[in-house]
Amino acid sequence: MRQHSFGRTDFTVSDIGFGAWQIGGSWGEVSEADGRAALNAALDAGMTFIDTADVYGDGRSEKIIAEVLKARGGKRPMVASKAGRRLNPHVADGYTKANIEAFIDRSQQNLGVETLDLVQLHCPPTEVYYRPEMFEGLEEIRKAGKIKHYGVSVEKVEEALKAIEYPGVVSVQIIFNMFRQRAAGLFFQEAKRRNVAVIARVPLASGLLSGKITAATQFAAEDHRNFNRNGEAFDVGETFAGVPFETGLAAVEEIRKLVPAGASMAQFALRWILMHEAVTVVIPGARNGEQAKANAAASDLPAISADVMAAAKDTYDRLIAPHVHHRW
């Protein structure tokens, strides 16, 4: 698997990393044993970047990561966590140095480390990006040695562009996939110019781009694809990338025709993301070891031809963009 620098930091990461939301919760039942197996398989396959958050299973995801890495020993991968969504209510005024530092302290305990590799503000309200004092607070926390680096996880391109104006922000995590392409415009240009690492999340549009979901698929009550279908719990763009379910299924059938022989649709969707040079690492989730290994294998697929890239763009422009492009 290809390894390269993580923006302006000293870390080197694989182009496909491990998204640890699924092993925390909100994706139906995933046992701790399956979570450990998925993470071990990802690391065995060469992944050197793990993304988690303090709210994934109320710390469960972080604790599983800590257990696996302690058991494995050796050189540690880069582990990124997030802070902010524990706020209740989740409002801009809650984003203070004191609150975020308390969340960081908790994540340090969960992950069993004295210093976090990277902490990301976890999709705060847009107003937070226009409050320099929050970023000054993160810089103070960094200088105190609790974190090596800080970045942001955003919902909107506007937020990403504002965040990278702060000189200490080394990374931006943003939804980017064949169903959410707006980031590939001005934001990718600016991120590349400033050498800001880009973490592409929701790469399979909550499983739609795996090609395995149908109109008859049932999701568990505790799966966000059931309870957040219309944005009831958090931003609707996090579930199926904000695309109406039936529209997404129709677009998937067009994309299915583009998948090369020997590759799954999920692998094709991941390789499509890696065709964009501004992307540093893409973080698909995995429920078990087999999914993790299949995700890693996407890194080895050949480059996608210009004709196929154009066909995928046409599907986006016709079916998907009217629903999502202007919103995020």
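**Environment of aspartate 15 and packing of α1 against α10**

In the predicted model, aspartate 15 lies in the loop that connects strand β2 (residues 12-14) with strand β3 (residues 18-19). The relative accessibility of aspartate 15 is 3%, and because residues under 20% are classed as buried, this residue falls into the buried class. Its side chain takes part in a polar contact of 2.9 Å with the side chain of arginine 2, and a further polar contact, at 3.1 Å, links the side chain of aspartate 15 to that of serine 299. When residues up to four places away in sequence are left aside, the contacts of aspartate 15 comprise Met1, Arg2, His4, Leu274, Thr280, Val281, Val282 and Ser299; both partners in the polar contacts, arginine 2 and serine 299, thus appear among these neighbours.

A second feature of the model concerns the packing of two helices. Helix α1, spanning residues 32-44, packs with helix α10, spanning residues 289-297, at an angle of about 25 degrees and with an axis separation of 7 Å. Since angles under 35 degrees are counted as roughly parallel, α1 and α10 are therefore described as roughly parallel to each other, and their crossing is right-handed. On the side of α1 the contact is formed by Ala37, Ala38, Ala41 and Ala42, whereas α10 contributes Gly289, Ala292 and Lys293. By residue class, the contact between α1 and α10 consists of five nonpolar residues, one polar residue and one charged residue.

Conventions. Residues numbered from 1 in each chain as written. Predicted model: local features only at pLDDT ≥ 70, side-chain atom pairs only at ≥ 80, totals over all residues. Heavy atoms only, no water. Axes fitted to C-alpha atoms, helices over the stretch in contact; angles between N-to-C directions. Helix = DSSP H or I, 4+ residues; strand = E, 2+ residues; numbered from the N terminus. Parallel < 35°, antiparallel > 145°, perpendicular 65-115°, else oblique. Left-handed = near helix turned anticlockwise from the far one by under 90°. Contact = heavy atoms within 4.5 Å. Nonpolar A, V, L, I, M, F, W, Y, C, P; charged D, E, K, R; others polar. Buried < 20%, exposed > 50% of the residue type's maximum accessible area, 1.4 Å probe, protein only. Polar contact = N/O pair within 3.5 Å; in protein donor to acceptor, adjacent residues only side chain to side chain.
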